[in-house]
Amino acid sequence: MASLDDLKKRIASVKSTQKITKAMKMVAAAKLKRAQDSAEKGRPYSEKMNNIILNLSEGISDIESAPKLLSGTGKDQIHLCIVMTSDRGLCGGFNSNIIKKAKSYFSKLSSEGKELKIITVGSKGNDQLKRVFGDKIIENISFKNSKNANFFDAEKVCKIIIEKFQKEEFDICTIFFNQFKNVITQIPQAQQIIPLKTETDENEKSVDNYEFEPDEDEILTNLLPKNISTQIFKAMLENSASEQGARMSAMDNATRNAGEMVDKLTIEYNRSRQAAITKELIEIISGAESL
Amino acid sequence: MGEEFKLEVVNPEKSFLSREDVTEVVVPAFEGEMGILKDHISIISFLKPGIIKVYSKSTEEKYFVEDGIIEFKNNNLSILTSSIFNIKDIEKSKIVEMLRLAEEETNKDSISDQVKFLIDQKIEVLKSIN
């Protein structure tokens, strides 16, 4: 059995760990609120954007002449995967879930004989992927310095993607991120952004007769790159809300576990203290008896 | 009443402006300025750098935009843009800075004609408000 001193030290150390996790939980909770807010505020933009694109693509009669970003290159040999993770750890299964999802997609691709290219956004994803897929990672982007997800960063990522697309370095582009459902549930998502898959929701479909100025093709050519940055931005917002949510619940669990541990150690401490007292008493009594 | 319609300006981070009492909006559409009144036909267009003028019965406001898409439908005008600000609120120094960057950009050889055209537009507009 550990000595009293050791136990005391352990209790103190667990308690200070608990303090840290508790503080981290509070910080995550505050950040989560902000991230959730901005995710909600960003929604109208991406919804409207989607709606307009839907209307435009319905209006295009000749799919052959449609911009390549919409119709694709006609091949599906080279896949580019954008894996979006966080820059910081200690957020439970947040990063591992995305990586798991991405890895299963990667192995599916390689079993189909497709070529794979990876861009990682966020350093944690890069750390986890570089061991196995290191040779496939063509770029690693990290926004450690920006405090919140902002559109400017999204545009940077988008620029890289579009440049590569124009150089025909890939045919299909998919982004991986966590969708925020609630604090304890984040759903890893794979979303294809090039060529664009328009989600046609029959109920909400509102295709009107629009006047286009200039014509559909030209608007689409201008709009599609913007849509990609919008999608990436949306993913970034969802991701940051998810990250904070995951961290909050992870830290909550850690705080609770630390509490349990302190209780257990305290009982053990008290017990050994009592045992020591009893032992001393017995020694005194038997000493006195022998006199 | 009767001549008013709804205007909504959203940027990726938030809803920038939402008003129900505008009577006329003039936007710098790609092929020239376009004034929109109530009961305009449904239209989708995109913007070049310029000034959006928003008129209501009593007020007139001007906003600078760099790019964007507009959609008008059922007397709802939505403007999606990633860069917009009220001309009233912006500081002179920022305009000067933007001008400097834009001028640097336009002198590069690597840009395409269309990009150059857009930047020149931007410079012109910035100069006019400066």
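Me: Which exposed residues does the face of α2(B) turned away from its buried side carry?

Reply: Asp113(B), Glu124(B), Lys127(B) and Ser128(B). Keep in mind that this is a predicted model. What earns them the word "exposed" is a count: 12 or fewer other C-beta atoms lie within 10 Å of a residue's own.

Me: And what makes a residue of α2(B) buried?

Reply: Here the count has to be 20 or more. In this helix the buried ones are Leu118(B), Ile119(B), Lys122(B) and Val125(B).

Me: How do you know that they line one face of the helix?

Reply: Look down the axis of α2(B): the buried residues fall within an arc of 125 degrees, so they line one face. They pack against β5 (50-56), β6 (60-65) and α1 (92-106) of chain B.

Me: What is the reach of α2(B), and what would be expected?

Reply: The helix, residues 113-129, has 17 residues and reaches 25 Å from first C-alpha to last, close to the 24 Å expected at 1.5 Å a residue.

Me: Over in chain A, why are β3 and β5 called edge strands?

Reply: The sheet there is open, with its 5 strands in the order β3-β2-β1-β4-β5 and mixed pairing. Both β3 (137-141) and β5 (186-194) pair on one side only, and that makes them the edges.

Me: How do you know that β4(A) and β5(A) pair?

Reply: Pairing takes at least two bridges, and these strands have 8, in the antiparallel sense. Two strands with 8 bridges therefore count as paired. Within this stretch of chain A, Asn178(A) stands opposite Pro188(A) in β5(A).

Notes: Residues numbered from 1 in each chain as written. Chains lettered and ligands numbered in written order. Predicted model: local features only at pLDDT ≥ 70, side-chain atom pairs only at ≥ 80, totals over all residues. Helix = DSSP H or I, 4+ residues; strand = E, 2+ residues; numbered from the N terminus. Expected span 1.5 Å × (residues − 1). Arc of directions from axis to C-beta. Contact = placed C-beta atoms within 7 Å.
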